[in-house]
Every structure is written in C-alpha cells, then in structure tokens.
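Please open the model in your viewer and keep the sequence panel beside it, since the tour moves from one selection to the next. Each stop names what to select and then says what is there.

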Amino acid sequence: MKMMVVGFGQCGCRIADEFARLNKRAETHRNIQIFPGIYAVNTDAADLSGLKEIKSDFKHRILIGGRKTGGHGVGKINELGAEVAKADADKIVEAVRGARRFYESDAFLLIAGSGGGTGSGSMPIIAKHLKDRYADKPVYCMVVLPFEHEEETEERTIYNTAVCLKSVDSVADAVILVDNQRYLRKDTSLQNNMTKINEMIVEPFFDMLCAGEEQKDKYIGAKTLDAGDIIQTLSGWTAIGYGEAQLKSITLFDRAKTFKEKSEETNKGSVAMDEALIELSMRIDAGDAGRALYLVSGPAREMNMDMIKQLGEWMREIAPNAIIRNGDYPREKNNISVTVVLSELSEVSKVREYYARSTELIPIIRRRQEEIKNKLKNMEESGQSIPSLFD
C-alpha cells in the first residue's frame with residue numbers, strides 16, 4: 001500500500017520526517033517505495049528548518065500563514081491555525097498533487113499533535129479539502145494526544161484536543177489515535193524521548209505497507225495483506241500496535257528440533273502479538289473493535305500453520321465482534337513480528353474524557369477572558385482624568 005503523508009505543526013512534521021526515514025529504509029533494504037510523497041506544513045519557519053529527511057524545497061516544506069504569523073507559529077490558538085489553513089489550502093493540495101507518482105497512491109495519511117495550534121487547527125481543514133477533491137482515496141488522520149503534564153499545566157491543550165478530535169472524526173475515513181504518554185520513558189532525556197517515541201509511532205506501518213508492494217516471489221506470503229485489506233479495516237477510531245520476538249540464530253550444524261523447541265518457536269508468534277497488544281498506540285478494550293487486522297512477518301521456515309492458527313484463535317477471543325483480516329509476510333530476519341490494527345472502535349474512554357473536560361472548561365475560559373477585559377476596561381477608566389502627551 002502506498003500513502004501520501006502530510007504532517008502539520010511541529011509534532012506532525014517531525015513524525016512525517018520519521019516516515020521519510022522509513023521510506024528510505026524500504027527503498028534501500030527492500031527496493032520498495034511506500035510513500036510517493038511526504039510533506040511538512042507549518043506556520044513556524046524554524047520548525048520546518050529543523051527537519052532532516054523531508055526534501056528542503058518549498059514544495060515539500062510548506063510555510064503557511066506567513067502574513068498573519070510572520071513565520072513564528074500561532075501560539076496554540078487552533079482557530080488561527082484553521083484560518084490560515086483555509087487561506088492556503090489550495091497551495092497545500094496542489095503541492096501534494098504535484099508528486100510525480102501521486103496517482104499510484106492508495107490513500108492520504110495526515111498527522112498532527114492535537115494539543116498545539118497549527119496542527120490541531122489545520123489538519124481537519126485540509127482533510128476536508130482532500131476528501132472533497134479526491135473522493136476515491138481514503139483520508140486517514142493520525143492524532144497524537146498530549147502528555148499528561150501538558151494537560152495538567154495548559155488547559156488550552158485539552159480544549160484544542162477535543163476540538164481537533166471532533167473535527168477530524170467528522171471528515172476522516174479513520175482516526176488513528178496515538179497517546180504520547182504510553183511511549184514515554186522517564187529515565188531518558190527529552191530529545192531522546194521524542195526521537196524514540198516517533199520511531200515507535202511509525203514502526204507498525206513498515207511491514208504492513210511493504211507486504212502488498214513486494215515484487216519478489218520468495219517474499220510474497222501465502223496470504224498477502226494488500227491495500228484492499230487495509231482500506232477495508234481502517235474505519236473510525238483506530239489503534240495500532242507492533243511487537244516482535246527474537247529467534248535463535250540457525251547454523252548449518254543445528255540438530256533436529258525437539259518437540260519442546262518446536263513448541264517454543266510456535267509460541268514466538270504469541271509473544272510478538274502480546275507485545276503488539278500491550279504497545280497499542282491507545283489504551284482500548286479490544287472487544288469494542290468492529291474490524292481488526294494482524295500481519296505476521298518473519299522467516300518463512302518459522303511461520304507454520306500452528307502459529308497462524310494460534311494467533312487467529314487469540315484474535316477472535318479478544319475481539320469477538322470484529323471482522324478479522326490477516327496475512328503473512330515472509331522476510332529473512334532474526335525475529336517474528338506482529339502488527340495489529342483494531343478499528344471501528346465503538347468506545348474510547350480517553351476521547352470521551354477529553355470531550356467532557358473540554359465542555360467543563362469552555363465556560364471557565366470564557367469567564368476568564370471576560371474578567372480580563374473588564375479589568376483592562378476598569379484600568380483605562382481609572383486613568384481617564386490624567387492628561388496624555390498625545391492630546
């Protein structure tokens with residue numbers, strides 16, 4: 001499957017930059033291109049300059065709202081982010097459409113952090129423009145939720161998140177939820193944390209998108225997971241996860257496997273799926289999923305029928321109401337990996353929590369704004385009798 005990727009705001013652009021690195025990895029090691037075009041859209045020129053992998057020309061790093069923001073961002077005001085996106089929507093859409101292999105792509109993937117101003121405000125606007133213009137291509141929005149400390153210290157973050165979630169849910173074919181807090185490692189530096197988090201966010205897409213683009217016979221699975229399977233799975237609120245289990249290195253002098261060793265190898269698939277479910281991008285109840293997908297990848301000799309049967313039974317057990325699709329992807333590597341997608345979720349408690357908290361905050365924010373206006377007005381009135389040098 002091929003996706004056109006567009007990142008919005010600081011968070012979205014950095015994750016898009018990580019997708020560009022992933023695309024280079026696919027081209028170098030597998031001779032596959034999974035992202036025909038990757039773009040970064042921001043109101044902050046400095047953030048765009050800090051990217052490493054996305055092409056540095058103005059068609060791939062797109063600065064919007066220059067006249068209104070002076071290239072210095074929107075200061076967490078998502079209404080302003082939406083306003084500049086509406087004004088520059090044609091510039092963004094035309095840049096994406098200008099990709100040499102645009103018409104080979106199967107879908108759009110838009111990415112933004114929900115707590116900021118540029119990303120949370122502009123992504124829903126561009127999603128609607130793309131949906132209206134290219135009705136035959138699904139539009140998927142990846143929404144990255146804020147850290148707990150951001151929610152505790154910045155009330156605007158909660159409001160922006162709720163507005164972003166409601167807006168993208170009304171236009172996107174699927175909303176892939178990513179909870180930053182689930183990837184946080186408290187014993188490492190902030191920069192290392194961000195780099196590692198972005199790597200973990202994009203990794204589940206690698207095998208899943210490569211599997212359907214393979215050309216060599218030996219790497220095509222018995223049951224290929226193609227773009228059609230992914231498109232039919234991704235719908236509504238969605239979570240994605242990835243896990244792997246290391247395999248023993250094999251030499252020419254290895255003896256025949258005992259029954260115990262064979263059982264342990266079969267269980268490697270379960271270990272990988274368990275990790276994928278634990279590391280899901282969002283805390284959810286799998287029983288709420290209406291659609292599910294899993295992909296097993298590893299050396300062909302290690303992926304036997306017992307393993308596939310075991311994983312299928314487990315997925316049916318944890319997601320009894322879901323339509324389940326699956327596939328295998330034989331690649332020569334030293335681990336078994338499993339990618340899991342749970343979609344069409346009927347309940348996401350975190351989203352409901354943002355909606356509830358934002359509803360409580362709206363009158364408080366409005367009251368504070370009114371109080372500030374009244375105080376400023378009172379201050380002006382108290383100085384009315386004082387002469388001014390400009391009179």
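**A pair within one helix**

Begin by selecting Glu94, which is partly exposed, with a relative accessible area of 35%. This is a predicted model, and the tour should be read with that in mind. Add Arg97 to the selection: Glu94 forms a salt bridge with Arg97, and the closest N and O atoms of the two are 3.7 Å apart. Both residues belong to helix α5 (residues 89–97), where, being three residues apart, they are separated by about one helical turn. Arg97 is likewise partly exposed, its relative accessible area being 36%.

**Pairs that link distant parts of the chain**

The structure holds 20 salt bridges, and the next selections take in some of them. Select Lys24 and Glu53, whose closest N and O atoms are 2.8 Å apart in a salt bridge. Lys24 lies in helix α1 (residues 9–30), whereas Glu53 lies in the loop between α2 (45–49) and β3 (61–63), so this pair ties together parts that are 29 residues apart in sequence. Lys24 counts as partly exposed at 43% relative accessibility, and Glu53 also counts as partly exposed, at 27%.

Now move to Arg25 and select Glu203 with it; these two form a salt bridge in which the closest N and O atoms are 3.0 Å apart. Because Glu203 sits in the loop between α9 (190–202) and α10 (204–210) while Arg25 sits in helix α1, the pair ties together parts that are 178 residues apart in sequence. Is Glu203 buried or exposed? At 16% relative accessibility, Glu203 counts as buried, while Arg25 is partly exposed, with a relative accessible area of 26%.

For a salt-bridge network, select Glu151, Lys350, Glu353 and Arg357, which are linked to one another in this way.

**The nonpolar cores**

Next, select Phe108, Leu110, Met123, Val340 and Leu342, the residues with the most contacts inside the largest nonpolar core, which has 70 residues. Helix α8 (residues 155–171) gives the most to this core, contributing six residues. With Leu342 centred, display its surroundings: leaving aside residues up to four places away in sequence, Leu342 touches a set of residues that includes Trp237, Leu277, Leu280, Ile284, Arg291 and Met315. A second, separate core has 48 residues, and Ala16, Ala40, Leu51 and Leu234 are among them.

**A buried polar side chain in helix α8**

Return to helix α8 and select Asn160, which is found there. At 0% relative accessibility, Asn160 counts as buried. What does the side chain of Asn160 reach? Its partner is the backbone oxygen of Gly115, at 3.1 Å. Not counting residues up to four places away in sequence, Asn160 touches Lys76, Asn78, Ser114, Gly115, Gly116, Gly117 and Ser120.

**An exposed lysine to finish**

Finally, select Lys68, which is found in helix α3 (residues 66–69). Lys68 is exposed, with a relative accessible area of 53%. Even so, Lys68 touches Leu80, Glu83 and Val84 when residues up to four places away in sequence are not counted. To close the tour, draw a distance between the C-alpha atoms of Lys68 and Val84, which are 16 residues apart along the chain and separated by 7.8 Å.

Note on methods:
Residues are numbered from 1 along each chain as its sequence is written. This is a predicted model: local features need pLDDT of at least 70, side-chain atom pairs count only at pLDDT 80 or more; totals for chains, interfaces and linings use all residues. Side-chain values use heavy atoms; hydrogens and water are left out. Helices (H or I, at least four residues) and strands (E, at least two) are DSSP runs, numbered from the N terminus. Buried means under 20% relative accessible area, exposed over 50%, partly exposed in between (1.4 Å probe, protein chains only). Contact means heavy atoms within 4.5 Å. A salt bridge is a side-chain nitrogen of Lys or Arg within 4 Å of a carboxyl oxygen of Asp or Glu. A nonpolar core is a set of buried Ala, Val, Leu, Ile, Met, Phe, Trp, Tyr and Cys residues joined through side-chain atoms within 4.5 Å. A polar contact is a pair of N or O atoms within 3.5 Å; within protein, one must be able to donate a hydrogen and the other to accept it, and residues adjacent in sequence count only if both atoms are side-chain atoms.
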